[in-house]
Amino acid sequence: MDSAGGGGDERSGAFEGDDASGGGQQQQQTRSFSFKVVLLGEGCVGKTSLVLRYVEDKFNERHISTVQASFLQKKINVSGNRVTQAIWDTAGQEKFHALGPIYYRHSNGAILVYDITDKDSFEKVKIWVKELKKMLGNEICLCIAGNKSDLERERTVSTEEAESYAAMVGATHFYTSAKLNHNIEELFLHLTEQMITSSLGTERKQTGRRNVVVVEQEQPPSPRPTSKGCCG
Ligand SMILES: Nc1nc2c(ncn2[C@@H]2O[C@H](COP(=O)(O)OP(=O)(O)OP(=O)(O)O)[C@@H](O)[C@H]2O)c(=O)[nH]1
Ligand SMILES: [Mg+2]
C-alpha cells in the first residue's frame, strides 16, 4: 500500500476531459474523472481492511493500526467513463482525529465506517458527519458503511437506527464485510456514481455548459511509514 503523511491539496474534483469515439451519427463520449475519497471512522472498525479488499482483494485478520493515513489509488470504468479514485485511509485512533481536515479537505466523497458490533463506533460516525457538514457543507458525497456484517449475531447497532440516521443526513448506507468481500465494490461504485453526478452538476452551474472543467490529477505524496503496533 502506498502511504503518506500529507493529505494533498489539489482538488482532484472531477471532470478531466472528453473523447469522442465511434463513427456514424451516434458518437460515444468517454469522460475522464479523478476523485478524492476519504475513509473516516473509529479505530479497528475495518477502514484499512475495506480499502485493501477493494484495491488488492486481500484481507488481514490482524489489526495493524494505521498511523496518520495511507494512500491507495484505483482506476475503474463506470458506464464508459474512466475514473481514477485517490483513496485516503485515515487513522482511527483518537490522537489522530485532529489530522482529519488534512485528508477530508477537497475530497469529493467520504466513507464513514463503523463496526456493527460496536455502538461507540457508530456514535463516532455521527461526530465525523457533523464535522464534515460543518466544514464542507453539502460539497461532499457521503456513504456510511456498517462493516463486519459477517458478525451479525454480535450486532449492537440496530439496522433501523443506522439506516434512518443515514437517510436523515443524506448519506447512503451499506452493510459490508471486508472479511467476506461483501458489498464493497457496490459501496465504491455507488459513491463514484454520486461523485460523477455531483461533479457534472457543479460544472454545469459554474460554466453554463457541460464537460469543460479540466483538473489536475492528484499525485500521492512521497511514501512514509504508515503502520505500527497492533489492535488494542
Ligand atoms: N469479522 C470481521 N473482521 C474484520 C472485518 N474488517 C476488518 N476486520 C478486522 O478488524 C480489525 C481492524 O481492521 P482494520 O482494517 O485494521 O481497522 P481500521 O479501521 O483500519 O483501524 P485503524 O487503522 O486503527 O483506524 C482487524 O483485525 C481486521 O481483521 C470484517 O468485515 N469482518
Ligand atoms: Mg487502518
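In this predicted model, helix H4, which spans residues 159–168, lies largely in the open, because just one of its ten residues is buried. For a residue to count as buried here, 20 or more other C-beta atoms have to lie within 10 Å of its own. After H4 comes Gly-170, a residue with a positive phi, near 75 degrees.

Stepping back to the protein as a whole, there are five helices and nine strands. Read from the N terminus, these elements follow the order β-β-α-β-β-β-α-β-α-β-α-β-α-β. The protein has 232 residues, and buried ones make up 39% of them. As for how the chain meets itself, take the contacts between residues at least 6 apart in sequence: 74% of these join residues that are at least 24 apart.

Then there is ligand 1, with 26 residues around it. Gly-46, Thr-48, Ser-49, Thr-66 and Gly-92 are the ones that come nearest to ligand 1. Two elements, helix H1 (47–56) and strand E3 (65–66), give two or more residues each to this shell. H1 provides the largest share, with three residues. Sorted by class, the shell around ligand 1 holds 13 polar residues, seven nonpolar ones and six charged ones.

Put side by side, the two helices picked out here play different parts in the picture: H4 lies largely in the open, while H1 gives three residues to the shell around ligand 1.

Definitions and conventions:
Residues numbered from 1 in each chain as written. Chains lettered and ligands numbered in written order. Predicted model: local features only at pLDDT ≥ 70, side-chain atom pairs only at ≥ 80, totals over all residues. Buried ≥ 20, exposed ≤ 12 C-beta atoms within 10 Å, placed from the backbone. Helix = DSSP H or I, 4+ residues; strand = E, 2+ residues; numbered from the N terminus. Near = placed C-beta within 6 Å. Nonpolar A, V, L, I, M, F, W, Y, C, P; charged D, E, K, R; others polar. Contact = placed C-beta atoms within 7 Å.
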